[in-house]
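Here's a quick briefing on the ring contacts and surface features of one protein model. Have the viewer open while you read.

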Amino acid sequence: MNLVKKIIENDILIVVLLVIMFFISGINKLFNFNGVVTGLKDKLNYNIPDYIYNLIIVIVILLEIIAPVLIVYYIATKKYRKLAYYSVISLVIFTILATFFYHFPDFSNYKKSLAFWSNISLLGGLLLLAKVI
């Protein structure tokens, strides 16, 4: 029980566990840039120039890498509170968009809707984090 208490009291660990998925996803997108751009083109299926798709993915990569770092840095140092807050809000907006475009639920199939429910839970955690920052 003492270990659980130490984990619960460790704000940095809790926040890292909440945002690490974004950081890892951003790094993965960086190393698989062309495939991610192709996936976005397939999902959106709009006739817009390739550089727009590339720009969108560059922005997403920067968000997914920088936002978690700023959030954890704030939790560790209590510096740059506004940047951390806006980082959390940006991740909330991004998660809503990603859920809508990539993980829209198929309520007839539980397994196919897990990513949707996972993102909904993540949104709850992010919103709670925004409240306490």
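What follows covers aromatic pairs, a charge over a ring, a nonpolar patch and one helix position.

This is a predicted model, so local features need pLDDT of at least 70 and side-chain atom pairs count only at pLDDT 80 or more, while totals for chains, interfaces and linings use all residues. Residues are numbered from 1 along each chain as its sequence is written, and side-chain values use heavy atoms, with hydrogens and water left out.

**Aromatic pairs**

- Rings of Phe, Tyr and Trp (its six-membered ring) pair if their centres lie within 6.5 Å; planes under 30 degrees apart are stacked, over 60 edge-to-face, and the rest tilted. That rule gives eight aromatic pairs here.
- One of them is Phe22 with Phe94, an edge-to-face pair at 6.4 Å centre to centre with 65° between the planes.
- Phe22 lies in helix H2 (residues 11-31) and Phe94 in helix H5 (residues 81-102), so this pair ties together parts that are 72 residues apart in sequence. Helices here are DSSP runs (H or I, at least four residues), numbered from the N terminus.
- Are these two rings buried or exposed? Phe22 is buried at 2% relative accessible area, and Phe94 is also buried, at 17%. The cut-offs are under 20% for buried, over 50% for exposed and partly exposed in between (1.4 Å probe, protein chains only).
- Phe116 and Trp117 make another edge-to-face pair, with 4.7 Å between centres and 80° between planes. Phe116 is buried at 14%, whereas Trp117 is partly exposed at 42%.
- Ring pairs also link Phe100, Phe101 and Phe104 into a cluster.

**Charge over a ring**

- The charged end of Lys78 sits over the ring of Tyr74, 5.2 Å from its centre. To count, NZ of Lys or CZ of Arg must be within 6 Å of the ring centre and within 35 degrees of the ring normal.

**Nonpolar surface patch**

- Ile93, Leu97, Phe100, Phe101, Tyr102 and Phe104 form a nonpolar surface patch, together offering about 630 Å² of accessible area (Shrake-Rupley, 1.4 Å probe).
- Patch members have over 30% relative accessible area and no salt bridge, with nonpolar side chains joined within 5 Å; a salt bridge is a Lys or Arg side-chain nitrogen within 4 Å of an Asp or Glu carboxyl oxygen.
- Ile93 lies in helix H5 and is partly exposed at 48%.

**A spot on helix H4**

- Val58 lies in helix H4 (residues 50-77) and is partly exposed at 36%.
- Val58 and Gly26 are 32 residues apart in sequence and 9.5 Å apart in space, C-alpha to C-alpha.

Terms used: Helices (H or I, at least four residues) and strands (E, at least two) are DSSP runs, numbered from the N terminus. Patches are made of residues with over 30% relative accessible area and no salt bridge: like charges are joined within 9 Å, nonpolar side chains (Val, Leu, Ile, Met, Phe, Trp, Tyr) within 5 Å.
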